[in-house]
Amino acid sequence: MASFDVNAARAQRMEAIGRSWSFDLDDDTFELPTELGRSTAKALRSLDDNDVDGLLKLLLGEEQFTRFERYDITMQDIAAILEAYGKETGLGLGEG
């Protein structure tokens, strides 16, 4: 029986969708990871379902989140970003 090569499968996924997914807001570009590590997934599970800032801070990281906070963005904008992110990466975040 052949064994499953996790490294090869990961490399194939990374080649197909890249290491990060980006979105533009005004003249700024933000990047989100296309795959989440176990520690990030665990931290996401500990967040309250309505903690949008906590979700974004985990995904964006401190530096990007600080830039992101400068914008007066609507919840509808955030939902649209998360929906597009989920469609592109297969990660269903912020859906409820």
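This report describes the fold, the hairpin, the helix packing and the nonpolar core of one protein chain.

The model is predicted: local features need pLDDT of at least 70, side-chain atom pairs count only at pLDDT 80 or more, and totals for chains, interfaces and linings use all residues. Residues are numbered from 1 along each chain as its sequence is written, and side-chain values use heavy atoms, with hydrogens and water left out.

**Overall layout**

The protein chain has four helices and two strands; helices (H or I, at least four residues) and strands (E, at least two) are DSSP runs, numbered from the N terminus. Their order from the N terminus is α-β-β-α-α-α. Taken along the principal axes, the C-alpha atoms of the protein chain fill a box of roughly 55 × 30 × 25 Å. The protein chain has 96 residues, of which 28% count as buried. Buried means under 20% relative accessible area, exposed over 50% and partly exposed in between, with a 1.4 Å probe and protein chains only. Among the contacts in the protein chain with a separation of 6 or more, 52% join residues 24 or more positions apart; contact means heavy atoms within 4.5 Å.

**The hairpin**

β1 and β2 pair in the antiparallel sense over six bridges, where pairing requires that DSSP finds at least two bridges between two strands. Trp 21 stands opposite Leu 32 in β2. The side chains of β1 alternate: Trp 21, Phe 23 and Leu 25 point to one face and are buried, whereas Ser 20, Ser 22 and Asp 24 point to the other and are not. β2 also has alternating side chains, with Asp 28, Phe 30 and Leu 32 buried on one face and Thr 29, Glu 31 and Pro 33 pointing to the other and not buried.

Two residues lie between the strands of this hairpin. Asp 26 is in the loop between β1 and β2, and its phi is near 55 degrees, a positive value in a residue other than glycine. Asp 26 counts as exposed, at 63% relative accessibility.

**Packing of α3 and α4**

Helix α4 covers residues 75-89, and its axis lies 13 Å from that of α3, at an angle of about 100 degrees. Axes are lines fitted to C-alpha atoms, for helices over the stretch in contact, and angles run from 0 to 180 degrees between N-to-C directions. α3 is therefore roughly perpendicular to α4, on a scale where angles under 35 degrees count as roughly parallel, over 145 as roughly antiparallel, 65 to 115 as roughly perpendicular and the rest as oblique.

From α3, Val 52, Leu 55, Leu 56, Leu 59 and Phe 68 meet Met 75, Ile 78, Leu 82 and Tyr 85 of α4. By class, this contact of α3 with α4 has nine nonpolar, no polar and no charged residues. Here Ala, Val, Leu, Ile, Met, Phe, Trp, Tyr, Cys and Pro count as nonpolar, Asp, Glu, Lys and Arg as charged, and the others, Gly among them, as polar.

**Nonpolar core**

The largest nonpolar core has 17 residues, and those with the most contacts inside it are Phe 23, Leu 32, Leu 60 and Phe 68. Such a core is a set of buried Ala, Val, Leu, Ile, Met, Phe, Trp, Tyr and Cys residues joined through side-chain atoms within 4.5 Å. Two or more residues come from each of β1 (20-25), β2 (28-33), α3 and α4. The largest share, six residues, comes from α3. In soluble globular proteins, nonpolar side chains tend to be buried together.

Leaving aside neighbours within four places in sequence, Phe 68 is in contact with Phe 23, Leu 25, Phe 30, Leu 56, Leu 60, Ile 73 and Ile 78.

**Selected buried residues**

| Residue | Helix | Relative accessible area |
|---|---|---|
| Leu 59 | α3 | 5% |
| Gln 64 | α3 | 13% |
| Ile 81 | α4 | 13% |

With neighbours within four places in sequence left aside, Gln 64 is in contact with Thr 29, Phe 30 and Glu 31. On the same basis, Ile 81 is in contact with Trp 21, Phe 23 and Ile 73. Ile 81 and Phe 23 are 58 residues apart along the chain, and their C-alpha atoms are separated by 7.5 Å. For Leu 59 and Ile 73, 14 residues apart along the chain, the C-alpha separation is 17 Å.
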